[in-house]
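Student: I've got a new model on my screen and I'd like to learn how to read it. Walk me through it, please.

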Amino acid sequence: MSISLPGFQNYVTDSQQTYRAVLNAMAYPGRCFQTDGELNAPTPLDNATASVLLTLADSDTALWLDRRARSAEEWLRFHCGAPVTSLEQADIAVALEWPDFMNLKAGEDEQPELGATLILQVGALHGGTPLTLSGPGLSEPTVFSPQLPATFAADWRKNHARFPRGVDLILCSGKLLAALPRSLTAEVA
């Protein structure tokens, strides 16, 4: 039973370090940052995914888990207290497979910050189809090659077209994370 696995060994230090990694990833899109906290993540979550969830989710955060991540639900409820909800109502969505991305909350014109954050666990943050990223946080276009599904570029164009509304993306792999804020364009290189 995964509920018996502990959360962060040093909650304050580990959550602060993870929060800083997420902020840096959002500020510097396509750049990888490490989560250093000691954590025994429940299967199938990797350390970066579990660390981000322990840091960002709480009892006021509506959480959606894809079918593969549901085995970690008890652990997340115990450590975060986050209520599990539908994809359409989620503040944070956790996926190990590309979800029906356009069904995530995009926020409102008056409150774009209400858009969901998708935490997507991928095989690696390199070795995938190269994407050219441009937008805020990048002084010049940069190439980023995470392992993403073939439909990613088309889905991301639709997401970016809703800006300032839309979904922010945090990619996790092992102990590494990177982010693609909704303000960013991502085209196949």
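Student: Let me start with a proline. Where is P44 found?
Tutor: P44 sits in the loop between β1 and α2. Those labels come from DSSP runs numbered from the N terminus: helices are H or I runs of at least four residues, and strands are E runs of at least two. Before we go on, this is a predicted model, so local features need pLDDT of at least 70 and side-chain atom pairs count only at pLDDT 80 or more, while totals for chains, interfaces and linings use all residues. Residues are numbered from 1 along each chain as its sequence is written, and side-chain values use heavy atoms, with hydrogens and water left out.

Student: And what is the peptide bond from T43 to P44 like, cis or trans?
Tutor: Cis, with omega near 10°. The bond from F163 to P164 is cis too, with omega near 15°. P164 belongs to the loop between α4 (152–161) and β7.

Student: Next, charges. How many salt bridges does the structure hold?
Tutor: The idea first: oppositely charged side chains can pair when their charged atoms come close. The cut-off here is a side-chain nitrogen of Lys or Arg within 4 Å of a carboxyl oxygen of Asp or Glu. By that rule there are six. One of them joins R67 and E97, at 2.9 Å from N to O. R67 is in the loop between β2 (63–65) and α3 (73–80) and E97 in the loop between β3 (92–95) and β4 (117–121), so this pair ties together parts 30 residues apart in sequence.

Student: Which residue besides R67 does E97 bridge to?
Tutor: R68, where the closest N and O atoms are 3.7 Å apart. R68 is in the loop between β2 and α3, so that pair connects parts 29 residues apart in sequence.

Student: What about R182 and D168, are they buried or exposed?
Tutor: Both are buried. Buried means under 20% relative accessible area, exposed means over 50%, and partly exposed is in between, using a 1.4 Å probe on protein chains only. Their side chains meet in a salt bridge at 3.0 Å, N to O. It links R182, in the loop between β8 (176–180) and β9 (185–188), with D168 in strand β7 (residues 168–173), 14 residues away. Going back to the earlier bridges, shared partners join R67, R68 and E97 into one network. There, R67 is exposed at 56% relative accessibility, while E97 is partly exposed at 32% and R68 partly exposed at 37%.

Student: On to helices. Which residues of α1 are buried?
Tutor: D14, S15, T18, A21, V22 and A25. In general, an α-helix has 3.6 residues a turn, so residues three or four places apart point the same way. Here the buried residues fall within an arc of 120° (taken from the directions from the helix axis to the C-beta atoms), so they line one face of α1. V12 and Q16, on the other side, are exposed. The cover over the buried residues includes β1 (33–34), α2 (47–56), β7 and β8.

Student: And how far apart are the end C-alpha atoms of α1?
Tutor: 24 Å, which agrees with the 24 Å expected for the 17 residues of α1 (residues 11–27). The expected span is 1.5 Å times one less than the number of residues.

Student: Which residues touch the most other members of the largest nonpolar core?
Tutor: Nonpolar side chains tend to be buried together in soluble globular proteins. A core here is a set of buried Ala, Val, Leu, Ile, Met, Phe, Trp, Tyr and Cys residues joined through side-chain atoms within 4.5 Å. Among its 30 residues, L45, L53, L63, L76, V94 and L177 touch the most other members. α2 gives the most to it, with five residues. A second, separate core of 27 residues includes W98, F144, A178 and A186.

Student: Last one: how do β7 and β8 run, parallel or antiparallel?
Tutor: Antiparallel, joined by five bridges; strands count as paired if DSSP finds at least two bridges between them. They form a hairpin with two residues between them, and G174 in the turn has a positive phi of about 65°. L177 in β8 is the bridge partner of C172, and F33 stands opposite L177 too. β1 and β8 also run antiparallel, with two bridges. Four of the five residues of β8 are buried.

Terms used
Contact means heavy atoms within 4.5 Å.
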